[in-house]
Amino acid sequence: MTKLRKDISKADAWNLDALYPSISAWQTDFDRPDNLAELLALRAKLDLISLPKALHLYFNLQRESEKLYTWAHLKHDEDITDSIYKVAHEKAQNRLQIFAQKTSWLAPEILEMDEHIITAKELHEFHVYLEKLFALKKHHLPSSEEKLMALALQPLSTGYKCFSSLTNADFLFDEVLDSNKTPHELSHASYGLYLQSKDRVLRENTFKTYHKKYSAFKNTLCDLLQGKITAHLFEAKARGFENCLEAALKPKNIPLSVYHSLIKAVKSHLEPLTDYYTFRKDLLGYKDLHLYDMNHILAHTYTIPYAKAEDLIIRSVRPLGEEYQETLYRGLQSGWVDRFENKGKRSGAYSSGCFDSPPYILMNYKEILRDVFTLGHEAGHSMHSHYSRKHQPYHYSDYPIFVAEVASTFNEQLLFNLMLKESGSSSERNALIQSQIDNIRATLFRQTMFAEFELFLHTEVEEGRPLTPECLEEKYFELLKSYSSPVLTLDDEVGVEWARIPHFYYNFYVYQYATGLSAAIALSQKVLNGNDNERNSYLNFLKGGSSKYPIDLLKEAGVDMTTTAPFEDALAYFAQLTRELKVSN
Ligand SMILES: [Zn+2]
């Protein structure tokens, strides 16, 4: 029986007291008069004296609103059916939106000033912020138009909202039968579980029934996706970008070539994938291998209690030094993590928190091997936040996803390294290698294929060609074929998979999973095989927040993402793992 929230012990829950001890304390802070009027009074009066004051006010106000928001969203996620925190969450969200609207004049007014202010001594502490702002000057609009853009955000997000409501709330799936003809209830959560089942009939029925549902709604889903891609194009055009890809990458100063060379590198290294599929097919003794045969673990099944998972994670980060290890240990012991599932708790896992709180990790820990790696992953994010917040001022303490996924997957690599060293039997070892192979397959190969599909979606819309379910299905099928191998049999149903991937609504997001893992593999090898220099370069990267552009932070850590080397090294590593698995079986 799943526990109720009130029955979760304090030791297993996160400790949010550093933010607010109660809803009334939160409400008191929420109602406290703020300094917004003081900032608004500086409108149309910006100069070298008032601008530093305006920026201090602006960032302080944002910081206060984030603190309110963080507590409310964490409490809301503890039990999303609890209306007290649902209301608090909505109030905090509105507050952030209103703040963004009321201060949308600030950036345009700064950009009307002379560019020399970037280096003015009065603005020394905002130097990088101003440099980044002026680098995008030609894509900023006059304040009246910025206001319109801010107002348009909500209606432009309807496509994704509808996708989410339709597929999460309105979709009811047919029951699926296993090999004994026993019916099972199908949901988004059970879909993943059934695909890991050893019962092939259950896996096949699950896969087909699940996709049949999306197929039945493919016209609506196509229009929703087209709506969101058109919204990206609207924003790109309104801000004078060449295309949607430039609009997504340029603000973070990521060269467009990184996107293209990732796709090129992965596509030209697909042979090890064939090796792995062949290995899997032979081991299972199947005549043909389908996508629904890819998810169950063939070797040893791990059962890892929560305390053991923490212990493994703490020991695995030893190469990062005592201070790192000690900080993480204390964090995990003293309420960073909300460990287990309870009724109404948000599913999945994440790392959150804000400048005025410790990092917080939401888990739904289930004692399986994947969950140990998930906890390690989120702990990597949390330590990145810890270091960036400690070493940067508020306005540089955040970091973009391009670097975030490096810090998290780096820790997964360290964990894999330790567990492999300590694995007792060859079946334990095989299970570990297989999970690492599946992880790279799902991150490097699959996300790069998604990235290519996303580029296709945007190019079609940019060039005025309408998206239809038929053309999406055809393209998706073609990509699946070119990113897999003749060893894999592709069923007719797979072409409609495009219709169920929420990430296609995220605007050039997924490629960063592939670049992040590639950088993490390269950097973890450097730290594991290196000395203090490599370790300190990596720790400096964690401390960097957004004080530099992502590509530059990574370059200083020791990996150059503008070359194809990190992708090629990651692909070579994948090939090495598949060879090891073959040899040991
Ligand atoms: Zn992550």
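1. A small local feature makes a convenient entry point: just after helix α16, Gly-335 takes a positive phi of about 95 degrees. Helix α16 itself covers residues 322-333, and its 12 residues should span 16 Å at 1.5 Å a residue, which agrees with the 16 Å that separates its end C-alpha atoms. The reader should keep in mind throughout that this is a predicted model.

2. Two further residues have a positive phi, and neither of them is a glycine. Lys-181, with a phi of about 65 degrees, sits in the loop that runs between β1 (176-177) and β2 (183-184). Asn-507, with a phi of about 70 degrees, belongs to the loop between β7 (488-489) and α21 (511-529).

3. Are these two residues buried or exposed? Lys-181 is exposed, since 7 other C-beta atoms lie within 10 Å, and the limit for that class is 12 or fewer. Asn-507 has 19 other C-beta atoms within 10 Å and is therefore partly exposed, given that a residue counts as buried at 20 or more.

4. Turning to the chain as a whole, the model contains 24 helices and 7 strands. Its radius of gyration is 25 Å, close to the 25 Å that the globule rule gives for 585 residues, so the chain is as compact as a globular protein of that length. Taken along the principal axes, the C-alpha atoms fill a box of roughly 75 × 55 × 50 Å.

5. Of the 585 residues in the chain, 34% are buried. Among contacts with a separation of 6 or more, 74% are made by residues that stand 24 or more positions apart.

6. How is the chain divided into domains? The domain assignment gives domain 1, residues 5-156, and domain 2, which is made of residues 255-302 together with residues 371-585. The centres of domain 1 and domain 2, taken over C-alpha atoms, are separated by 32 Å. The contact between them takes 5 residues from domain 1 and 5 residues from domain 2. On the side of domain 1 that touches domain 2, the elements giving two or more residues are α3 (50-78) and α6 (127-135); by class, that side has 3 nonpolar and 2 charged residues, with no polar ones.

7. The largest nonpolar core holds 107 residues, and within it Leu-523 and Leu-554 touch the most other members. Helix α19, residues 426-462, supplies the largest share of this core, with 11 residues. The core also reaches across the domain assignment, drawing at least three residues from each of domain 1 (5-156) and domain 2 (255-302 + 371-585).

8. Which residues does Leu-554 contact, once its neighbours within four places in sequence are left aside? The partners of Leu-554 are Val-403, Val-406, Ala-519, Phe-541, Val-559 and Met-561. A reader who wishes to look into the core could begin from Leu-554, one of the two residues that touch the most other members.

9. A last point concerns Asp-170, which is placed in helix α8 (residues 158-170). Asp-170 is exposed, having 9 other C-beta atoms within 10 Å, again under the limit of 12 or fewer. Between Asp-170 and Met-113 there are 51 Å in space, C-alpha to C-alpha, for two residues that are 57 residues apart in sequence.

Definitions and conventions. Residues numbered from 1 in each chain as written. Predicted model: local features only at pLDDT ≥ 70, side-chain atom pairs only at ≥ 80, totals over all residues. Domains from an automatic or database assignment. Contact = placed C-beta atoms within 7 Å. Helix = DSSP H or I, 4+ residues; strand = E, 2+ residues; numbered from the N terminus. Nonpolar A, V, L, I, M, F, W, Y, C, P; charged D, E, K, R; others polar. Rg over C-alpha atoms; globule rule 2.2 N^0.38 Å. Core = buried A, V, L, I, M, F, W, Y, C linked by C-beta atoms within 7 Å. Expected span 1.5 Å × (residues − 1).
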